[in-house]
Amino acid sequence: MIRPLLGVVSIGVFVAASQAAAQDVETGAELYQHYCATCHGIDATGHGPMAGVLVIQPVDLTKLADENGVFPTARVVARIDGRDPLVSHGSPMPVYGPYFDGQDTSMKTPEGQPILTSQPIVDLVAYLETLQAK
């Protein structure tokens, strides 16, 4: 009797985790459109309306995995949260920095290395991973 119950619980946990991940990607998509599309473009190819005024042109975010062999999670997190600032912004990226502060949580790189960052950045990175060219 216990074995079937464990199977049902396992399926329930898997479904809940899948739903949470989908919700994170959706939140990430909303964050991207609100905070990133102005420079990186709606399609994330680096051709947003503000791209022309930046000293360093925005990268094509749909090719990050292709250009690096794997999605560079640690580098993307560091660029967004300001640990790896960009001169083109005149300040740490994003210029909306305070929004992305706090709400500490961790995520893992493809290699399994944990990274401490904020929940909005976790959601944004989850969305960016879905944009990678297959």
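These are my notebook entries on the salt bridges and the nonpolar core of a predicted model.

**Entry 1, salt bridges.** I looked for charged side chains that pair up, and the count came to 2 salt bridges. In one of them the side chains of K63 and D60 meet, with a distance of 4.0 Å from N to O. In the other, D81 pairs with R83, and here the closest N and O atoms are 2.5 Å apart.

**Entry 2, how open the partners are.** I then asked myself which of these residues are buried and which are exposed. D60 has a relative accessible area of 18%, and because buried means under 20%, I noted D60 as buried. Its partner K63, at 39% relative accessibility, counts as partly exposed. For the second pair I found D81 at 24%, which is again partly exposed, whereas R83 reaches 51% and counts as exposed, since the cut-off for that word is over 50%.

**Entry 3, the nonpolar core.** I turned next to the largest nonpolar core, which has 22 residues, and wrote down those that touch the most other members: Y32, F71, V76, I80, L124, V125 and L128. At least two residues of this core come from each of the helices α1 (2–35), α3 (64–68), α4 (73–81) and α6 (119–130), and α6 gives the most, with 6 residues. I kept in mind that in soluble globular proteins nonpolar side chains tend to be buried together.

**Entry 4, one residue followed up.** I picked L128 and asked which residues it contacts once its neighbours within four places in sequence are left aside. The contacts I listed for L128 are Y32, L61, F71, V76 and I80.

How values were computed: Residues numbered from 1 in each chain as written. Predicted model: local features only at pLDDT ≥ 70, side-chain atom pairs only at ≥ 80, totals over all residues. Heavy atoms only, no water. Buried < 20%, exposed > 50% of the residue type's maximum accessible area, 1.4 Å probe, protein only. Core = buried A, V, L, I, M, F, W, Y, C linked by side-chain atoms within 4.5 Å. Helix = DSSP H or I, 4+ residues; strand = E, 2+ residues; numbered from the N terminus. Contact = heavy atoms within 4.5 Å.
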